[in-house]
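Reader: I would like a close look at one part of this protein, taken slowly and in connected prose. Please choose a single helix, say how it is built and what it packs against, and then place it in the rest of the chain.

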Amino acid sequence: MKIAILLSGHVRSFQKTHKNFEKRFLNNLKSQLGGGSAPIFVKDLDTDLVAPELLRIYNPIKLEVEATPPQDFLKFAILAKSLRRKYPKLNNKIQSEKHRRLNSPKHIKGVLSQLYKIKKAYELIEEPNEY
């Protein structure tokens, strides 16, 4: 079985977290794979400035930087509205101030955007059936 690591979205804190990610995840995975490694694919959100550092630190098989097109945000908004109509409880307010945003339309659009980026990261794999 082959394993691929997909990093997607806005990797804004990777400079602070990459050592911990390597120690706790990549090294553990390497030992589980008997010394092997898993290829890394990165689909980043509009951060051309950090792309060279991402390449240096993670050495991904593929790195693609893309801003989410405005028409996709419109699609996410329409789908979020449709989901809230189909599942009215998504419109309910959560009592906790800390978690109040969880059911907001903005949050639903954000989750849809994240799922889109995960899909786009998966599409970076040339032979996905091998994984």
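**A close look at helix H1**

Author: The protein chain holds 4 helices and 3 strands, and, read from the N terminus, these elements follow one another in the order β-α-β-α-β-α-α. The model is a predicted one, and the values below are computed from it. Of the 131 residues in the protein chain, 28% are buried, and among the contacts with a separation of 6 or more, 62% are made by residues 24 or more positions apart.

The helix to look at is H1, which covers residues 14-32. A straight helix of 19 residues would span 27 Å at 1.5 Å a residue, whereas the end C-alpha atoms of H1 are only 24 Å apart. H1 is also bent, by about 45°, and the bend is placed at Phe-21. Just after the helix comes Gly-34, which takes a positive phi of about 70°.

Which residues of H1 are buried? They are Phe-14, His-18, Leu-26 and Leu-29, and what they pack against is strand E1, residues 5-9, together with helix H2, residues 51-58.

The pairing with H2 can be described in some detail. Two packed helices are described by the angle between their axes and the distance between the axes. Here the axes of H1 and H2 come within 11 Å and cross at roughly 10°; angles under 35 degrees count as roughly parallel, and H1 and H2 are therefore roughly parallel to each other. On the H1 side the residues that meet H2 are Phe-14, Gln-15, His-18 and Phe-21, and on the H2 side they are Glu-53, Leu-54, Ile-57 and Tyr-58. Sorted by class, this contact of H1 with H2 has 5 nonpolar, 2 polar and 1 charged residues. Phe-21, where H1 bends, is thus named again among the residues that meet H2, and the buried residues Phe-14 and His-18 take part in that meeting as well.

Following the chain beyond H2, one reaches the loop between H2 and strand E3, residues 62-65, and in this loop lies Asn-59. Most residues other than glycine have a negative phi. Asn-59, however, has a positive phi of about 45° although it is not a glycine, and with a relative accessible area of 61% Asn-59 is exposed.

Some residues outside H1 help to place it in the rest of the chain. Lys-43 lies in strand E2, residues 40-44, and is buried, with a relative accessible area of 0%. Leaving aside residues up to four places away in sequence, Lys-43 touches Leu-7, Ser-8 and Gly-9, as well as Glu-64, Glu-66, Lys-117, Lys-120, Ala-121 and Leu-124. Strand E1, which the buried residues of H1 pack against, spans residues 5-9, and Leu-7, Ser-8 and Gly-9 are among the residues that Lys-43 touches.

Helix H4, residues 105-122, contains His-107, and Ser-113 has its place in H4 too. Ser-113 counts as buried at 13% relative accessibility, and, again not counting residues up to four places away in sequence, it touches Thr-68, Phe-73 and Phe-76. His-107 is partly exposed, with a relative accessible area of 30%. His-107 and Ala-80 are 27 residues apart in sequence, and their C-alpha atoms are 9.1 Å apart in space.

Note on methods:
Residues are numbered from 1 along each chain as its sequence is written. This is a predicted model: local features need pLDDT of at least 70, side-chain atom pairs count only at pLDDT 80 or more; totals for chains, interfaces and linings use all residues. Side-chain values use heavy atoms; hydrogens and water are left out. Helices (H or I, at least four residues) and strands (E, at least two) are DSSP runs, numbered from the N terminus. The expected span of a helix is 1.5 Å times one less than its number of residues. The bend at a residue is the angle between axes fitted to the seven residues ending there and the seven starting there. Buried means under 20% relative accessible area, exposed over 50%, partly exposed in between (1.4 Å probe, protein chains only). Contact means heavy atoms within 4.5 Å. Axes are lines fitted to C-alpha atoms, for helices over the stretch in contact, and angles run from 0 to 180 degrees between N-to-C directions. Angles under 35 degrees count as roughly parallel, over 145 as roughly antiparallel, 65 to 115 as roughly perpendicular and the rest as oblique. Ala, Val, Leu, Ile, Met, Phe, Trp, Tyr, Cys and Pro count as nonpolar, Asp, Glu, Lys and Arg as charged, and the others, Gly among them, as polar.
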